[in-house]
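Visitor: I am new to this structure. Please take me closely through one part of it, and then show me what surrounds that part.

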Amino acid sequence: MTVVLLLLANIAIGNILTNFIRTNQGVTDGIFIIKQSITFGPWHQHFLSWEGLFWILMLLFDAVVVWWRIVRVYRRIQIGRIIDELHYISDGHFDHRIPFRLTGDNERVVNSVNTLVDNVIQSLEDERQIEKSKDELVTSVSHDLRTPLTSIIGYLGLIEAHQYQTEDELLQYCHIAYQKSQQMKKLVDRLFEYTKANNMGEQRLEIDQIDVNQLLAQLETSFALEAQKQGMEIQVQPLATDVTMETNAEMLGRVFNNLITNALKYGNDGHQILITAQQKQPNQITFQVANDGKTIPKKVIRKIFDRFYREELSRNLETGGSGLGLAIVREIINNQGGTIQAESNSKWTTFTFTLPLKPVPQTS
């Protein structure tokens with residue numbers, strides 16, 4: 001259709017120009033003079049006629065217009081294919097990606113669509129993981145709270161029903177209920193601590209100036225007596241030079257408190273706890289808390305930072321803890337831009353974590 005319209009336009013314009021030139025002798029003479037003065041080629045040939053030059057120019061113009069129309073139609077077809085692919089994806093086929101490659105702006109559109117779908121899928125997966133994590137949290141908390149709560153209700157029920165013989169037996173029931181209440185309080189406190197650490201990235205924490213060597217000296221003094229009671233010794237290896245780091249003192253204190261407490265609790269068959277600091281890179285400090293107690297199996301090491309994970313098969317809070325201490329440690333360190341890992345061999349069980357010397361800006 002476009003070609004027919006162009007031909008009709010060419011004929012119409014040609015007829016108009018021909019009639020105009022033939023009816024104006026001055027224009028005819030001017031064209032003749034111009035034609036005689038213009039030559040081309042090695043033999044200095046003249047144009048045969050102005051009509052020939054006109055039709056050559058019109059054909060070139062027509063070719064440009066046709067090519068432009070073909071490109072537009074081709075791009076419209078590409079857009080149509082992209083829209084069809086988008087409709088297919090929107091119908092629930094989120095594992096589908098636009099398979100063909102284009103050029104120019106359409107190629108950028110295809111890449112943007114595929115990237116958008118990937119991001120949406122990742123967001124949905126993250127949301128599912130969050131929901132799963134919440135369900136696991138509720139299940140674990142319910143299980144851990146139900147055990148001591150059942151005991152409390154049981155013993156208080158005996159007291160309520162006056163099913164005791166002596167005052168000593170009554171006091172024993174009250175004492176057991178009190179112990180179980182303390183276990184519940186300990187778990188609730190741990191849950192609150194974990195939630196606070198997990199949401200730390202959304203809070204604006206106070207930043208303190210901490211002298212690393214002075215921190216290690218304070219830790220050695222604070223835990224020396226408790227270690228001595230268990231037949232253990234705390235040793236500190238400070239930095240060669242004094243270094244100051246900027247971080248939240250309360251959170252860093254929780255990290256060391258949990259790690260050292262675990263070393264005293266689970267490494268009590270050993271004799272030594274070693275706390276070291278090294279500056280392997282200019283912008284970060286590497287800390288280690290190690291003990292020479294029993295070796296932790298590899299299968300446990302792989303899960304040791306998981307929430308509610310305990311080495312013991314039983315879920316007794318007195319022996320297995322709440323299972324939140326190391327999860328809290330990991331959350332605090334990750335939120336402060338650091339990393340943590342654990343390893344255990346026949347000589348040492350070592351927790352190694354790094355922290356930046358200055359706070360890492362939070363990305364939104």
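Guide: Start at Thr286. This residue sits in strand S7, which covers residues 284–291. The model is a predicted one. Thr286 has a relative accessibility of 5%. The cut-off for buried is under 20%, so Thr286 counts as buried.

What does Thr286 touch, once its neighbours within four places in sequence are left aside? The contacts are Thr276, Ala277, Gln278, Lys280, Thr352, Phe353 and Thr354. Keep Phe353 in mind.

Now step back to the sheet. S7 belongs to an open sheet of five strands, in the order S4-S6-S7-S9-S8. The pairing is mixed. Which strands stand at the edges? They are S4 (233–237) and S8 (339–344). Each has a single partner strand, so one side of each is left without a neighbour in the sheet. On average, neighbouring strands here are turned by 15° against each other, direction ignored.

Look at one side of S7. Strand S6 spans residues 272–281. S6 and S7 run antiparallel, joined by seven bridges. One place to see this is Ile273, which stands opposite Asn291 in S7.

Helices pack on this sheet too. Helix H6, residues 212–229, touches S4, S6 and S7. The direction of H6 makes about 175° with that of S4. Helix H7 also packs on the sheet, and H7 touches S4, S6, S7 and S9. The direction of H7 makes about 175° with that of S9.

Stay with H7. This helix runs over residues 249–266, 18 residues in total. How far apart should its ends be? At 1.5 Å a residue, H7 should span 26 Å. The end C-alpha atoms are 26 Å apart, so the model agrees with the expected span.

The N-terminal end of H7 has a cap, Asn248. A side-chain oxygen of Asn248 lies 3.2 Å from the backbone nitrogen of Glu250.

Next, read along H7 for its buried residues. They are Met251, Leu252, Arg254, Val255, Phe256, Asn258, Leu259, Ile260, Ala263 and Leu264. A general point helps with such a list. An α-helix has 3.6 residues a turn, so residues three or four places apart point the same way.

One of those buried residues leads back to the sheet. Phe256 has a relative accessible area of 0%. Phe353, the contact of Thr286, is buried as well, with a relative accessible area of 0%.

How many aromatic pairs are there? The count comes to five. In one of them, the rings of Phe256 and Phe353 have centres 5.4 Å apart. Their planes meet at 65°. Planes over 60 degrees apart count as edge-to-face, so this pair is edge-to-face. Phe256 lies in H7 and Phe353 in strand S9, residues 349–356. The pair therefore ties together parts that are 97 residues apart in sequence. Phe287 joins in: Phe256, Phe287 and Phe353 form one aromatic cluster.

S9 takes part in another link. Phe305 and Phe351 form an edge-to-face aromatic pair, with 6.1 Å centre to centre and 85° between the planes. Phe305 lies in the loop between helix H8 (298–301) and helix H9 (317–320), and Phe351 lies in S9, so this pair ties together parts 46 residues apart in sequence. Phe305 is buried at a relative accessible area of 9%. Phe351 is buried at 6%.

Move now to another pair of strands. Strand S3, residues 208–211, and S5 run antiparallel and are joined by four bridges. Gln209 stands opposite Glu246 in S5. S5 covers residues 244–247. Its covered face holds Met245 and Thr247, while Thr244 and Glu246 make up the uncovered one.

One more stop: His162. This residue lies in the loop between helix H4 (104–160) and helix H5 (167–198). Is His162 buried or exposed? At 59% relative accessibility, His162 counts as exposed. Its phi is near 55°, a positive value in a residue other than glycine. Most residues other than glycine have a negative phi.

Finish with the whole protein. The secondary structure comes to 10 helices and nine strands. Of the 364 residues, 32% count as buried. Take the contacts between residues at least 6 apart in sequence: 66% of them join residues at least 24 apart.

Methods
Residues are numbered from 1 along each chain as its sequence is written. This is a predicted model: local features need pLDDT of at least 70, side-chain atom pairs count only at pLDDT 80 or more; totals for chains, interfaces and linings use all residues. Side-chain values use heavy atoms; hydrogens and water are left out. Helices (H or I, at least four residues) and strands (E, at least two) are DSSP runs, numbered from the N terminus. Buried means under 20% relative accessible area, exposed over 50%, partly exposed in between (1.4 Å probe, protein chains only). Contact means heavy atoms within 4.5 Å. Two strands pair if DSSP finds at least two bridges between them. The expected span of a helix is 1.5 Å times one less than its number of residues. A polar contact is a pair of N or O atoms within 3.5 Å; within protein, one must be able to donate a hydrogen and the other to accept it, and residues adjacent in sequence count only if both atoms are side-chain atoms. Rings of Phe, Tyr and Trp (its six-membered ring) pair if their centres lie within 6.5 Å; planes under 30 degrees apart count as stacked, over 60 as edge-to-face and the rest as tilted. Axes are lines fitted to C-alpha atoms, for helices over the stretch in contact, and angles run from 0 to 180 degrees between N-to-C directions.
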